[in-house]
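Open the model in your viewer and follow the stops below in order. Each stop says what to select and what is found there.

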Amino acid sequence: MSETVDPRAPQRIRHDTRMRLLTVTAITDITPLMRRFRLEGDLDGFVSPSHADHIKAFFFPAGTTPLLPVIGPKGAEFPPGTRPEMRDYTPRYWDNAAGWIELDFVLHGDGPAAGWAAQATIGSSLAIGGPRGSVVVPMAYDWYLLAGDETALPAIGRRIEELPPGAKVLAVIEVENAAEEQSFKTPADLILTYVHRNGAPAGTTSLILDAVARAEFPAGVAYAYIAGEVSMAKSVRAHLTGQRGFNVEYVKAAGYWRLGVADAKEDH
Ligand SMILES: Cc1cc2nc3c(=O)[nH]c(=O)nc-3n(C[C@H](O)[C@H](O)[C@H](O)COP(=O)(O)OP(=O)(O)OC[C@H]3O[C@@H](n4cnc5c(N)ncnc54)[C@H](O)[C@@H]3O)c2cc1C
């Protein structure tokens, strides 16, 4: 019996997981709270076919030498007592041949990754691994919805820039204030809405949900990518599937971080 394959179903791809020890060669504050690092090293074989991809970045205690792990059946393995903190970051731009990748870090102030980003200088090292896999969304939808906070700006920005000419995309992004807004060059047909926290702590507002709830959606079948604080991502997903007629299979809610909890993420 042959099974019908949904042409809209997102495609999962596995990659060979490679570990790389890279060196910071440029640091740019693209906005006051978003710091871009260019990291150079061996980028041979690096692939990232989806905007939702992530690399794992390793953060070692200050004063210790970064060690590249070996990949075991359960992922990265380190000698006893040397296991670093690990956090996920989005490959924003890269060039395999020239041997560089750029990662954008939110300077949110607390945690090994934000701490590294606040103090790293030209010449600092960063070990990264992956991406281990990708989920590629086919260009088979009538339009695309993107929603997220600033941690999702790299993924949402990539998606906006990578969509083909004429693709309809509606994006809702929460940032601290107007100074944190980024603009994107895209051939897509983009409607971009920024909402501002204006001093409220990140992860505590319903600004994204409210803006999505207010939005008039184009006609047809859409794929939604929601990313950012866990509760926000879940609430927008519930709104889309419960009240806006979205097919649950066509909504990805990626909890990138959880308010008040270190190293927390959740996928729905
Ligand atoms: C697939 C994926 C891709 C991601 N891509 C990026 C990216 O490209 N750029 C990026 O900046 N982040 C990205 N993130 C989010 C990032 O991994 C988390 O914010 C992570 O928790 C940061 O680690 P930390 O060591 O700074 O803080 P943690 O040690 O994890 O947390 C310390 C404290 O800070 C809080 N916290 C964590 N993140 C934030 C935040 N953004 N704002 C306010 N408080 C926060 C936590 O709730 C906790 O109380 C991504 C996450 C995932 C899952």
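In this tour a residue is near a molecule if its C-beta atom, placed from the backbone, lies within 6 Å of it. The model is predicted.

**Stop 1: the ligand**

Select the ligand and the 28 residues around it; those that come nearest are Thr 90, His 108, Gly 111, Ala 113 and Ala 114. Next, colour the elements that give two or more residues to this shell: strand 7 (85-89), strand 9 (100-106), helix 1 (112-119) and strand 16 (251-257). By residue class, the shell divides into 14 nonpolar, seven polar and seven charged.

Now colour domain 1 (12-133) and domain 2 (139-267) separately. Where does the ligand lie with respect to domain 1 and domain 2? Both domains give residues to the shell, so the ligand lies between them.

**Stop 2: the whole chain**

Zoom out and show the chain as a cartoon. The chain has four helices and 17 strands. Along the principal axes, its C-alpha atoms fill a box of roughly 55 × 55 × 35 Å. The radius of gyration is 19 Å, which agrees with the value near 18 Å for a compact globule of 268 residues. Of these 268 residues, 34% count as buried.

**Stop 3: strand 4**

Select residues 55-59, which make up strand 4. Four of the five residues are buried, so strand 4 is largely enclosed by the rest of the structure. Show its two pairings in turn. Strand 4 runs antiparallel to strand 7, and five bridges join them; Lys 56 has Asp 88 as its bridge partner in strand 7. Strand 4 also runs antiparallel to strand 10 (residues 125-129), here with three bridges. Ala 57 has Ile 128 as its bridge partner in strand 10.

**Stop 4: Val 70**

Select Val 70, which belongs to strand 5 (residues 70-72). Is Val 70 buried or exposed? It counts as exposed, because it has 10 C-beta neighbours inside 10 Å, and the cut-off for exposed is 12 or fewer. Add Arg 18 to the selection: its C-alpha atom is separated from that of Val 70 by 9.3 Å, with the two residues 52 apart along the chain.

**Stop 5: the six-stranded sheet**

Move to the open sheet of six strands, in the order 14-13-12-15-16-17 and with mixed pairing. Strand 14 (189-196) and strand 17 (266-267) stand at the edges; each has a single partner strand, so one side of each is left without a neighbour in the sheet.

**Stop 6: strand 12 and its partners**

Within this sheet, select strand 12 (residues 143-149), where six of the seven residues are buried. Strand 12 pairs with strand 15 (residues 222-229) in the parallel sense over six bridges, and Leu 146 has Tyr 225 as its bridge partner there.

Then show strand 13 (residues 168-175), which runs parallel to strand 12 and is joined to it by six bridges. Two residue pairs to label are Ala 147 with its bridge partner Val 172, and Asp 149 opposite Glu 174. Last, trace the connection from strand 12 through helix 2 (residues 153-162) to strand 13: this β-α-β crossover is right-handed.

Conventions: Residues are numbered from 1 along each chain as its sequence is written. This is a predicted model: local features need pLDDT of at least 70, side-chain atom pairs count only at pLDDT 80 or more; totals for chains, interfaces and linings use all residues. Ala, Val, Leu, Ile, Met, Phe, Trp, Tyr, Cys and Pro count as nonpolar, Asp, Glu, Lys and Arg as charged, and the others, Gly among them, as polar. Domain bounds come from an automatic or database domain assignment. A residue is buried if 20 or more other C-beta atoms lie within 10 Å of its own, exposed if 12 or fewer, and partly exposed in between; C-beta atoms are placed from the backbone. Two strands pair if DSSP finds at least two bridges between them. A crossover is right-handed if, with the strands pointing away from the viewer, the path from the first strand over the helix to the second runs clockwise. The radius of gyration is taken over C-alpha atoms; the globule rule is 2.2 Å times the number of residues to the power 0.38.
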